[in-house]
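Got the viewer open and a hand on the mouse? Let's take a walk through this protein, one selection at a time.

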Amino acid sequence: MPKLAVIILTKNEEENIEGAMDSAAFADEIVIIDSGSTDKTQELAEKYGARFVLHSMDENGFAGQRNFALTQTEAEWVFYLDADERITSNAADEIQRIVCLNNQRCYKIKRMNVVFGQMMKYGEHRPDWCVRLFPRTQVTWMGVVHESPISKLPVVALQYPLHHYTYTDWHRYFEKFNQYTDLMAQRMWENGKRGTFLDILIHPAFAFVRFYILRLGILDGKQGLIFALNHYFYTMIKYVKLYYKQREER
């Protein structure tokens with residue numbers, strides 16, 4: 001029988017890791033790739049019986065972590081799960097059937113985003129599709145942040161969803177906000193992108209209109225407005241960081 005490893009990337013995820021592992025309990029192996037937790041993440045993972053591997057995040061970012069994870073298991077199939085995500089019971093059954101069949105396909109799963117307790121239907125956090133289930137030797141990852149899988153296999157949709165408890169704590173939200181804007185500014189710089197002060201003014205406005213109006217974030221009520229505004233500031237800050245980075249380089 002083919003084996004399945006569920007891979008979880010972590011850093012200071014003591015509040016999330018047990019729930020993630022519980023939802024992945026059906027797997028043959030759970031592999032935790034940790035980039036330097038200082039809380040109880042390691043203790044909780046090892047107590048659960050997961051394989052815990054410490055691996056510092058380098059210039060290859062999240063893609064580098066996901067590619068490294070492929071070297072830490074011999075399972076024929078891998079499913080990538082974030083610490084703040086939960087595999088629903090129906091999805092778990094579906095994944096097990098697919099692994100047993102061992103058809104060489106990649107599989108995408110619908111991710112339902114829960115933001116501060118509210119299931120979001122529109123805007124920035126509307127349901128999205130993520131390719132997460134692969135034959136282990138048939139995938140590589142690219143991208144420092146918002147990484148994406150590369151495979152020659154066809155992609156098939158799973159029927160049942162994943163629940164993503166994306167934000168529950170404002171302190172954690174702004175930690176990620178700062179981390180991601182750093183990474184995005186660095187990636188734009190490395191790709192030859194340069195920013196002007198006009199970019200700082202124009203791009204955030206378009207980002208707000210796209211998520212609040214065009215993607216109907218207005219229908220998500222107060223949360224829709226709050227996170228459309230937050231996306232405005234996210235876009236502004238990444239361009240601010242790019243703008244000042246190029247001034248420093250001069």
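## First stop: a loop and its neighbours

Select L153, which sits in the loop between β10 (148-150) and β11 (155-157). Keep in mind as you click that this is a predicted model. Is L153 buried or exposed? Its relative accessibility is 18%, so L153 counts as buried; the cut-off for buried is under 20%.

Now show what lies around L153. Setting aside neighbours within four places in sequence, L153 is in contact with Q104, R105, C106, P135 and Q138. Pick R105 from that list and draw a distance between the two C-alpha atoms. R105 and L153 are 48 residues apart along the chain, yet their C-alpha atoms are separated by 5.5 Å.

## Zoom out

Reset the view and colour by secondary structure. How many helices and strands are there? The protein has seven helices and 12 strands. Its radius of gyration is 19 Å, close to the 18 Å that the globule rule gives for 250 residues, so the protein is as compact as a globular protein of that length. Taken along the principal axes, the C-alpha atoms fill a box of roughly 60 × 40 × 40 Å.

If you colour by accessibility, 47% of the 250 residues count as buried. And if you look at contacts between residues at least 6 apart in sequence, 72% of them join residues at least 24 apart.

## A helix that is mostly covered

Select residues 61-69, which is helix α3. Eight of its nine residues are buried, so α3 is largely enclosed by the rest of the structure. To highlight the buried ones, pick G61, F62, A63, G64, Q65, R66, F68 and A69.

What covers the buried residues of α3? Switch these on one by one: the cover includes the strands β1 (4-10), β2 (29-34), β3 (51-54), β4 (77-80) and β9 (140-142), along with helix α5.

## On to α5 and α7

Since α5 is already showing, keep it and add α7. You want residues 170-190 for α5 and residues 221-249 for α7. The two helices pack at an angle of about 45°, with their axes 9 Å apart. That makes α5 oblique to α7. The crossing is right-handed. Colour the contact residues of this pair by class and you get 15 nonpolar, five polar and five charged.

Next, click Y173, a residue of helix α5. With a relative accessibility of 6%, Y173 counts as buried. Not counting residues up to four places away in sequence, Y173 touches Y167, F227 and N230.

## A second partner for α7

Hide α5 and bring in α6, residues 197-214. How are α6 and α7 oriented to each other? They pack at an angle of about 155°, with their axes 8 Å apart. Angles over 145 degrees count as roughly antiparallel, so α6 and α7 are roughly antiparallel to each other. Here, too, the crossing is right-handed.

Show side chains for the contact. From α6, select F197, D199, I200, H203, P204, A205, A207, F208, R210, F211 and Y212. From α7, select G224, L225, A228, L229, H231, Y232, T235, M236, Y239, V240 and Y243. By class, that contact has 16 nonpolar, four polar and two charged residues.

While you have α7 in view, go to Q246, which is also part of that helix. At 7% relative accessibility, Q246 counts as buried. Apart from its neighbours within four places in sequence, Q246 is in contact with W189, R194 and G195. Remember R105 from the first stop? Draw a C-alpha distance from Q246 to R105: the two are 141 residues apart along the chain and separated by 43 Å.

## Last stop: two backbone angles

Stay in the area and select L216, in the loop between α6 and α7. Phi of L216 is near 65°, a positive value in a residue other than glycine. L216 has a relative accessibility of 38%, so it counts as partly exposed.

Finish with N12, in the loop between β1 and α1 (17-23). N12 has a positive phi too, of about 55°, although N12 is not a glycine. Buried, exposed or partly exposed? At 30% relative accessibility, N12 counts as partly exposed.

Key
Residues are numbered from 1 along each chain as its sequence is written. This is a predicted model: local features need pLDDT of at least 70, side-chain atom pairs count only at pLDDT 80 or more; totals for chains, interfaces and linings use all residues. Side-chain values use heavy atoms; hydrogens and water are left out. Axes are lines fitted to C-alpha atoms, for helices over the stretch in contact, and angles run from 0 to 180 degrees between N-to-C directions. Helices (H or I, at least four residues) and strands (E, at least two) are DSSP runs, numbered from the N terminus. Angles under 35 degrees count as roughly parallel, over 145 as roughly antiparallel, 65 to 115 as roughly perpendicular and the rest as oblique. A crossing is left-handed if the near helix is turned anticlockwise from the far one by less than a right angle, and right-handed if clockwise. Ala, Val, Leu, Ile, Met, Phe, Trp, Tyr, Cys and Pro count as nonpolar, Asp, Glu, Lys and Arg as charged, and the others, Gly among them, as polar. The radius of gyration is taken over C-alpha atoms; the globule rule is 2.2 Å times the number of residues to the power 0.38. Buried means under 20% relative accessible area, exposed over 50%, partly exposed in between (1.4 Å probe, protein chains only). Contact means heavy atoms within 4.5 Å.
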